[in-house]
Amino acid sequence: MRAVITVVGKDCVGILAEISQACKRYNINIVEVSQTVLQDMFCMIMMCDISTISIKFSDFSEQMSLVGKKMNISVHVMHEDIFNSMHRI
């Protein structure tokens, strides 16, 4: 099972560190990362393996939102199945 994590917000020190630390805390493996900074806006998409997640997926999603609020950025977690359904033509 995999999940997609998107992060958007004003660039600042430690965004990638905070997000990856939260994933480590819940035993989630980051498989792929794409990130860019557009002027002062940070944008990142992560594909994560959640097959060994240590908490409920919904709780993980809430925790990631809290990490985002603490850093004044937007962090959204979506199960891969939902992501694929939304982007199917």
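**Helix H1, a surface patch and the cysteines**

In this predicted model, helix H1 (residues 15–25) has Ile 15, Ile 19, Ala 22 and Cys 23 buried.

User: Within what arc do the buried residues of H1 fall, seen down its axis?

Analyst: Happy to look at that one. In an α-helix there are 3.6 residues a turn, so residues three or four places apart point the same way. The buried residues of H1 line one face of the helix, because seen down the axis they fall within an arc of 100°.

User: Which strands and which helix do the buried residues of H1 pack against?

Analyst: Ile 15, Ile 19, Ala 22 and Cys 23 are the residues to follow, as they are buried in H1. They pack against helix H2 (57–71) and against strands S1 (2–10), S2 (29–38), S3 (41–49) and S4 (74–79).

User: Is Leu 38 buried or exposed?

Analyst: Good one to check! Leu 38 is found in strand S2, and together with Val 8 and Met 41 it makes a nonpolar surface patch of about 250 Å². The cut-off for exposed is over 50% relative accessible area. Leu 38 has 52% relative accessibility, so it counts as exposed.

User: How far from the sulfur of Cys 48 is the nearest cysteine sulfur?

Analyst: The structure holds 0 disulfides, and Cys 48 is in none. A disulfide would need the two sulfur atoms within 2.5 Å. For Cys 48 the nearest cysteine sulfur is that of Cys 23, and the distance is 4.4 Å.

User: What is the relative accessible area of Cys 48?

Analyst: Buried means under 20% relative accessible area. Cys 48 is buried, and its value is 0%.

Methods
Residues numbered from 1 in each chain as written. Predicted model: local features only at pLDDT ≥ 70, side-chain atom pairs only at ≥ 80, totals over all residues. Heavy atoms only, no water. Buried < 20%, exposed > 50% of the residue type's maximum accessible area, 1.4 Å probe, protein only. Helix = DSSP H or I, 4+ residues; strand = E, 2+ residues; numbered from the N terminus. Arc of directions from axis to C-beta. Contact = heavy atoms within 4.5 Å. Patch = residues over 30% accessible without salt bridge, like charges linked within 9 Å, V, L, I, M, F, W, Y side chains within 5 Å. Areas by Shrake-Rupley, 256 points an atom, 1.4 Å probe, with all protein chains shown as cover. Salt bridge = Lys/Arg side-chain N within 4 Å of Asp/Glu carboxyl O.
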